[in-house]
Amino acid sequence: MASAKVYTLEQVNQHNKEGDLWLVVNNDVYDLSSFADMHPGGAGVLLAADIAGQDASTAFFSLHRSEVLAKYTRLKIGRLDTTAPAPYPILAAGELSPVPHAEPDWLNPKFRSPYYGESHRALQRSMRKFFDDEVKAEARAGELSGDRPTADLVQKMGQPEWDLHAMRMGPGKHLAGKTLPGGVKGEDFDYFHELVVIQELVRVGAPGWQAGCQAGMVIGLPPVLNFGDESMKKRVLPDIFAGKKFISLAISEPQAGSDVQGITTTAKLSEDGKHWIVSGMKKWITNGYFSDYFMTAVRTGPKSLTMMLIERDDSVETRKIRTSYSSAAGTAYVFFESTKVPVENVLGGEGNGLKVILSNFNHERWVICCRIARYSRLMFEETWKWAHLRKSQGKRLIDQPVVRNKLAKMIYKCDMGQTWLENITYQMTHMSYADQSALLAGPMALLKTFLSRSAGEISDDCVQIWGGRGITQGGMGALIEQFQRTYKFDSILGGSEEVLADLGVRQAMKRMPQAVL
Ligand SMILES: Cc1cc2nc3c(=O)[nH]c(=O)nc-3n(C[C@H](O)[C@H](O)[C@H](O)COP(=O)(O)OP(=O)(O)OC[C@H]3O[C@@H](n4cnc5c(N)ncnc54)[C@H](O)[C@@H]3O)c2cc1C
């Protein structure tokens, strides 16, 4: 095989002109003779004296992401005759990043954590490898193209080997009897396992695509799990967990966003009392464009909201909404026009819609917290690496105190957010659901506000350090540009920052005893 051939640097040096152009990157020898004219940066840079026929590793990695190398393996003709390690090691699938602070502390082999045991670590290793190997490339491509996750991949995630969709619903009876990745027993799966799954998935760095990958299920399915009867569970759960069907949560309307009480989609009981007839529209429904089921909040009386499972039929129309992240999310308007819904599809009883909605808010917000904390850290990692690679006026960016100061702020925001998140997660694993609602709703709301505010500040500092590349789609700064365009989702979805900050304070006020100074 050509790639097994070994060349000395002197041999490579001979091939340094137009039509006969070799160079070395990371100890591999590439023949660019016929590629130079197709080089997006022009042939000229490749023919420069310090590039043509030379070891161009430093120049290459200061201008290209490592994925580019994988794209051009066909140009590789052999290895450099050296025993030295590659100057810029590229992580293998599944590996932990050796970059300081790029992983949460519990993944640092030298650090201890009271929260994570061997089963969390085994799950983390499995998920990291799976997402690196099988998901990341499709996710990043889909984020750009707007193509929703392929049926093959979504269904693969649902196979018993991975059971990803079921795990994303958190601990519960739906996992009983299963052996999950890393050998985790379904009965042992706790909120830290769920945190691991969410944070590993976020690392693929494709927020809209990831939303397209059953995010509707994470918020739309809990009422079935918590309030559905056995026949509904049997009918609905298997296909969703297998990745064959999708479900959305359909609450928001043009006039009812933060103010859920403003819902105007109405349901009227049919004369025979067997169906609700639903008419109205929903807005911004994640996965709505392709969902099979809609967990829908409807008005059943002037002061009465009811939650019901609506199955897609010809009376349901969906229309895509373009937002700042990828259309792969399938964000949509959903129109119901006299849609017939069997009365058995009501969840939690007529008039109890608000209770059903509120019962899932904490978990939804916690999921968002897990996501922001890890996504922000990924941006820190990208920026930290960039600050070491990029030179300006003869110095690396990391050598500038002002850049180091920005990085310091990123590190402490990431670590504060993760540490607070782990504390709340620990409380969740030890509290009854009722106690969680009473005692954690406030802290969770404040944590989400803190994390989304921090994400904004981290994004701002990242973009400054990346310069033009931080606001350019594609290329080296692609993830940073994407982050500054999409971090805001998490400050609005699941409760806007202002609403949540206020909730956090009002919850604390409820517990205020008579106290004097
Ligand atoms: C991409 C995307 C996906 C979504 N997915 C879903 C989904 O799957 N299902 C679903 O049902 N909904 C979904 N939504 C809707 C989302 O939940 C709402 O956007 C959110 O509830 C805010 O409502 P709004 O946009 O109408 O803003 P408004 O309610 O109009 O609020 C706008 C702003 O007003 C301020 N504000 C509002 N109320 C208060 C208050 N009480 N105190 C202080 N300030 C206040 C806040 O600054 C707030 O950000 C999605 C939205 C987007 C953009």
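How many residues surround the ligand, and which are the closest? In this predicted model, the ligand is surrounded by 15 residues, and the closest are Leu 249, Ser 252, Ser 258, Trp 284 and Ser 496. Sorted by class, this shell comprises nine nonpolar, five polar and one charged residues.

The polar contacts of the ligand are a good place to look next. Trp 284, already listed among the closest residues, places a polar backbone atom 2.6 Å from a nitrogen atom of the ligand. The side chain of Thr 286 offers an N or O atom at 2.8 Å from a ligand nitrogen atom. On the oxygen side, an oxygen atom of the ligand lies 2.9 Å from a backbone N or O atom of Ile 251. As for overall coverage, the ligand taken alone exposes 970 Å², and 65% of that area is buried by the protein.

Turning to the elements behind this shell, two or more residues are given by each of strand E10 (275-285), helix H17 (489-492) and helix H18 (497-510). At the level of domains, domain 3 (247-351) and domain 4 (361-510) each supply at least three residues to the shell around the ligand.

The empty space inside the protein was examined as well. Three cavities of 30 Å³ or more are present in the structure, and the largest has a volume of about 60 Å³. Its lining consists of Ile 219, Pro 223, Leu 249, Ile 251, Met 307, Val 356, Ile 357, Asn 360, Phe 361 and Glu 364. By class, the lining of the largest cavity has eight nonpolar residues, joined by one polar and one charged residue. Helix H13 (residues 353-389) accounts for the largest share of this lining, with five residues.

Two residues link these parts of the description. Leu 249 is one of the closest residues to the ligand and also lines the largest cavity. Ile 251, in turn, has a backbone N or O atom 2.9 Å from a ligand oxygen atom and likewise appears in the lining of the largest cavity.

Notes
Residues are numbered from 1 along each chain as its sequence is written. This is a predicted model: local features need pLDDT of at least 70, side-chain atom pairs count only at pLDDT 80 or more; totals for chains, interfaces and linings use all residues. Side-chain values use heavy atoms; hydrogens and water are left out. A residue is near a molecule or strand if one of its heavy atoms lies within 4 Å of it. A polar contact is a pair of N or O atoms within 3.5 Å; within protein, one must be able to donate a hydrogen and the other to accept it, and residues adjacent in sequence count only if both atoms are side-chain atoms. Accessible areas come from the Shrake-Rupley method with a 1.4 Å probe; for residues, only the protein chains shown count as cover. Helices (H or I, at least four residues) and strands (E, at least two) are DSSP runs, numbered from the N terminus. Ala, Val, Leu, Ile, Met, Phe, Trp, Tyr, Cys and Pro count as nonpolar, Asp, Glu, Lys and Arg as charged, and the others, Gly among them, as polar. Domain bounds come from an automatic or database domain assignment. On a 1 Å grid over the protein atoms alone, a cavity is a set of points where a 1.4 Å probe fits but cannot get out, and a pocket is an open set with protein on both sides within 12 Å along at least five of seven lines; lining residues have an atom within 4 Å of a point. Grid points are joined across faces, edges and corners, and a volume is the space filled by probe spheres set on the points.
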